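Q: Please take a close look at one part of this protein. Which parts pack around it, and how far can the model be trusted there?

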Amino acid sequence: MSDNTKLTDVVMPQLAESLVSATIGKWLKQPGDRVEEYEPICDLITDKVNAELPSTVEGTLVELLAEEGQVISVGEVIARIAVAAPAGSSAPAAGTAPQAAAAAPASGTPAAPVRPAALSLSAADAPMRSRYSPAVQTLAAEHRIDLSAVPGTGLGGRITRKDVLAFLENGGAAAVQQVPAHPGAAGAGQAGRPVPEAQQQPALQVIQAEAQEQLEPVRNSGLHLSESPRIPTIEVEGGLGSSSEYLIDVTPIRNTIATRMRQSVSEIPHAWTMIEVDVTNLVILRNKVKDEFKRKEGINLTYLAFMMKAVVSAIKDYPIMNSVWAVDKIIVKRDINIALAVGTEDSVMTPVIKKADQKNIAGLAREIDELAQKTREGKLRLDDMQGGTFTVNNTGSFGSILSYPIINYPQAAILTFESIVKKPVVINDMIAVRSMANICLSLDHRILDGVICGRFLQRVKDNLESYTPDTKIY
């Protein structure tokens, strides 16, 4: 290390109040690599959600003190970065100046940072291109940049904060805004434009390629399966060979799920009850407004948004449902934060809609879509997973008509919305075909009894059956 640099320790941060350790998932940088400020240097795996650890300084990574898969306590040093000393503190060493210049080009150089060749990377060549750090997402949102058009120079094609800044310096944001919506318009409008417009073509090709990928058939049976879920990565130990079995490593998230489920079942005396609901008017209402909502909001309007609104309104009438057992007292939460059970092929996550009672149906639909998408893409933050007071699950999205859910510890109850099925029912001594659905409630019998839960479910039923074709969603 030269005289004009100093070593800075990278320590394991406390990602949440309840977390005391995390596992190093994968090092994104290796000793000798240049590290920009806010650039992710490793993936962290916690018992709640996976996260990236961004660098707080700019420099060169010189040493890794933790291995991939190692559990590190909060505050322990995991790496060291060599940081250049402030200007004027000492003369730079002769051997380090050219290297620094090569590793970090001057911001005034317009063409060097943008490499159009990076845009042509295939998905196999750039497996991490679609993973964005919080700093990159914030910068892109601030300048309204389409990240699909930004060249990625990081590991596996990842887009770094420096890439976004370089893209901005070269007029990239303006170029993206000028790209026509239709390929035919692009050719018609290029005559007479400045030469830099030629750089839009690779970006346009990438956007078209991604649009083509979105045209592939998707699963559309409900909220959780609105696209083909990711297939879990299976690590086989010992090889198949002639063996009649193989082993799958238990991931930290799966281990946490197992621990929480065991804790919930062993500590909470579960009971459950079910009620049948006539949602015919709800089906009519959704069919009436879903197309206009899709055009206006760009997302699907699912039944779950209406269901959640009915549940939140019922919790306001029966606040004891929004509580936690604390041995010598019962803690009733004032804020109604609904945890939404979102399933992938290899896990179930429960991101939280904060203060759900302050949102209308459209607002809940937007939150549901955003959290479900972040869950499927693995972009949940720790804050998205904390603070839930009551859990709602849409088991009907995969065809279930009856289920017995396990309570999301330490909450007092969990409710599932089952599949909507047309059935013959008796109305005024006449048979009619109606859209019917079951709603199932598991409860903590230390806090809740059959009477209060029966009344709560009846209120949810009344709220769902009170929807009419004229109900406003905004």
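A: Start with a term: two strands pair if DSSP finds at least two bridges between them. The model discussed here is predicted.

The part to look at is helix α7, residues 252-267. Helix α7 has 16 residues. From first C-alpha to last, α7 reaches 22 Å, close to the 22 Å expected at 1.5 Å a residue.

Which residues of α7 are buried? They are I253, T256, I257 and S264. Viewed down the axis of α7, these buried residues fall within an arc of 100°, so they line one face of the helix. An α-helix has 3.6 residues a turn, so residues three or four places apart point the same way. On the other side of α7, R262, V265 and S266 are exposed.

What do the buried residues of α7 pack against? Their partners are three strands: β5 (50-54), β11 (270-278) and β15 (348-349).

Take β5 next. N50 is found in this strand. Is N50 buried, partly exposed or exposed? Its relative accessibility is 36%, so N50 counts as partly exposed; buried would mean under 20% and exposed over 50%. Neighbours within four places in sequence aside, N50 is in contact with L44, I45, I253 and L380. I253 is one of the buried residues of α7. N50 and L382 are 332 residues apart along the chain, yet their C-alpha atoms are separated by 8.2 Å.

Now the sheet that holds β5. It is an open sheet of four strands, in the order β5-β4-β2-β7, with antiparallel pairing. β5 and β7 (71-73) stand at the edges with a single partner strand each, so one side of each has no neighbour in the sheet. Neighbouring strands here are turned by 45° against each other on average, direction ignored. Strands of a sheet pair through backbone hydrogen bonds, either parallel or antiparallel.

Further into this sheet, strand β2 (residues 21-27) runs antiparallel to strand β4 (residues 40-45), and four bridges join them. One bridge places T23 opposite its partner I45 in β4. I45 is also among the contacts of N50.

A second open sheet of four strands has the order β1-β8-β6-β3, again with antiparallel pairing. Its edge strands are β1 (5-11) and β3 (34-35), each pairing on one side only. Seven bridges link β1 to strand β8 (residues 77-84) in the antiparallel sense. V10 has A79 as its bridge partner in β8.

For the wider setting, the protein has 11 helices and 20 strands. Buried residues make up 40% of its 474 residues. Among contacts between residues at least 6 apart in sequence, 64% join residues at least 24 apart.

Finally, confidence. The protein averages a pLDDT of 79, and 73% of the residues score at least 70. Among the elements, strand β18 (residues 413-417) has the highest mean pLDDT, 97, and helix α1 (residues 96-103) the lowest, 41. Over residues 91-124 pLDDT stays under 50; the model has 35 contacts for them beyond four places in sequence. Residues 175-229 are also below 50, with 58 contacts in the model beyond near neighbours in sequence. Where pLDDT is low, the predicted coordinates should not be read in detail.

Methods
Residues are numbered from 1 along each chain as its sequence is written. This is a predicted model: local features need pLDDT of at least 70, side-chain atom pairs count only at pLDDT 80 or more; totals for chains, interfaces and linings use all residues. Side-chain values use heavy atoms; hydrogens and water are left out. Helices (H or I, at least four residues) and strands (E, at least two) are DSSP runs, numbered from the N terminus. The expected span of a helix is 1.5 Å times one less than its number of residues. Buried means under 20% relative accessible area, exposed over 50%, partly exposed in between (1.4 Å probe, protein chains only). The arc is that of the directions from the helix axis to the C-beta atoms. Contact means heavy atoms within 4.5 Å. pLDDT is the predictor's confidence in each residue, from 0 to 100. Axes are lines fitted to C-alpha atoms, for helices over the stretch in contact, and angles run from 0 to 180 degrees between N-to-C directions.
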